[in-house]
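Here is a quick tour of a protein–DNA model. Have the coordinates open in your viewer as you read.

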Protein chains: 2
Amino acid sequence: MLSQKTRYAIRALQHLADHYAQGPVPLTDIAEKQNIPSKFLTVILSELSREGLVATQRGRDGGYWLALSPIDISYGDIVRLTRGSLALVPCASRFAHEQCKNCLPEEECRLHRVMLRVRDEMAGVLDSISLAEQFAV
Amino acid sequence: MLSQKTRYAIRALQHLADHYAQGPVPLTDIAEKQNIPSKFLTVILSELSREGLVATQRGRDGGYWLALSPIDISYGDIVRLTRGSLALVPCASRFAHEQCKNCLPEEECRLHRVMLRVRDEMAGVLDSISLAEQFAV
DNA sequence: ATATAATTCTATTATTTTAATAGACAATAG
DNA sequence: CTATTGTCTATTAAAATAATAGAATTATAT
């Protein structure tokens, strides 16, 4: 499952995509429209900003906006960024590969091989849909 | 991510598949060969037995074995059984559907639609591989 | 019958992760 | 200058996960 935080992050980004190139969107707007606790959203957006996915401006008339065009942000990117990996097990991650705890040696582990397939399929879907797809899917 | 418990469950079942039709396999064997804490495996196997996926016999020479032929147990079945659902968000589950917390109405939620696609792809892979596939993938 | 080897059950504890909140600080527009 | 808005660091709360403990039960061989 995606964590609540990841779900919030995705919906916040969708909201920003909907207002792309319309100037800074204040956090309060996002929180209200998307039904996200605003203090928590603060934490989430600050992280996304540190990661370079959103740009920000402080002060009056400030807010957040996408640092890239919606079409250049895929769901795969977002998930990798917010939870580290698309994979369902640590050893099946392409970019954040690590050994699973208490497992067999990787080359003997059948689960490993199954999960590599699953990860590839998931990547296929998630990397093919961007924030620009309003009615995607 | 799959939980550690789910990973243990899958590897335990794979072990049983490897010894299918060879009589009861004692828990201790599985725990040692698969590197799973034995008391924890106790809990896991009892659950799998209650779910009807493995059969058991107590007492001397007792142990666990698969209640079905390995070819009739898919990875999809196991994941659904141990974590309730294949889906990455509650609202995208086919059999355990529920509303995501703090979300928008489902028909407005774009994440919902994306995640339905992902679930279908995952199901495609996981339901097509069974415990009989030794070198699957 | 009895000893032994095994699972089962219920409860509890420990650990980790996730979610949420608080409050002081910094920047900007007007 | 002041109101508005994001930033940062820390803390707390809550939930999920992982692991353990120990008594009870069952089956088998002898």
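## Ground rules

Buried here means under 20% relative accessible area, exposed means over 50%, and partly exposed is in between (1.4 Å probe, protein chains only). This is a predicted model, in which local features need pLDDT of at least 70, side-chain atom pairs count only at pLDDT 80 or more, and totals for chains, interfaces and linings use all residues. Residues are numbered from 1 along each chain as its sequence is written, chains are lettered from A and ligands numbered from 1 in the order in which they are written, and side-chain values use heavy atoms, with hydrogens and water left out.

## Helix α2 of chain B

Helices are DSSP runs of H or I with at least four residues, strands are runs of E with at least two, and both are numbered from the N terminus. In α2 (residues 27–34) of chain B, the buried residues are L27(B), I30(B), A31(B) and Q34(B). They sit on the same side of α2(B) because they cover an arc of only 95 degrees around the axis, the arc being that of the directions from the helix axis to the C-beta atoms. The general rule is handy here: an α-helix has 3.6 residues a turn, so residues three or four places apart point the same way.

Flip to the other side of α2(B) and you find E32(B) and K33(B) exposed. The cover over the buried residues includes α1 (4–18), α3 and β2 of chain B. After α2(B) comes N35(B), with a positive phi near 60 degrees.

## Two copies

Chain A superposes on chain B by a rotation of 180 degrees with 0.0 Å of shift along its axis, at an RMSD of 0.0 Å. The two copies are thus related as by a two-fold rotation axis. (The fit is by least squares on the C-alpha atoms of residues with pLDDT of at least 70 in both.) The copies meet through the same surface, because 100% of the interface residues of chain A are also interface residues in chain B.

Q14(B), in helix α1 of chain B, is buried, with a relative accessible area of 4%. Leaving aside neighbours within four places in sequence, Q14(B) is in contact (heavy atoms within 4.5 Å) with R110(A), L111(A), Y75(B) and L131(B).

## DNA strand C

A residue is near a strand if one of its heavy atoms lies within 4 Å of it. Around DNA strand C there are 27 residues, and Q4(A), L27(B), R58(B), Y64(B) and K101(B) come nearest. Of the strand C atoms within 4 Å of the protein, 73% belong to sugar or phosphate and the rest to bases. By class, the residues are 7 nonpolar, 11 polar and 9 charged, where Ala, Val, Leu, Ile, Met, Phe, Trp, Tyr, Cys and Pro count as nonpolar, Asp, Glu, Lys and Arg as charged, and the others, Gly among them, as polar. α3(B) gives the most to this surface, with 4 residues.

A backbone N or O atom of K5(A) is 3.2 Å from a phosphate oxygen of DNA strand C. A polar side-chain atom of K39(A) reaches a base oxygen of that strand at 2.8 Å.

## DNA strand D

For DNA strand D, 28 residues lie around it, with L27(A), R58(A), Y64(A), K101(A) and Q4(B) coming nearest. Sugar and phosphate make up 74% of the strand D atoms that come within 4 Å of the protein. Phosphate oxygens of DNA strand D lie 2.6 Å from a polar backbone atom of L27(A) and 3.2 Å from one of K5(B). A backbone N or O atom of G59(B) is 3.2 Å from a base oxygen of DNA strand D.

Terms used: A polar contact is a pair of N or O atoms within 3.5 Å; within protein, one must be able to donate a hydrogen and the other to accept it, and residues adjacent in sequence count only if both atoms are side-chain atoms.
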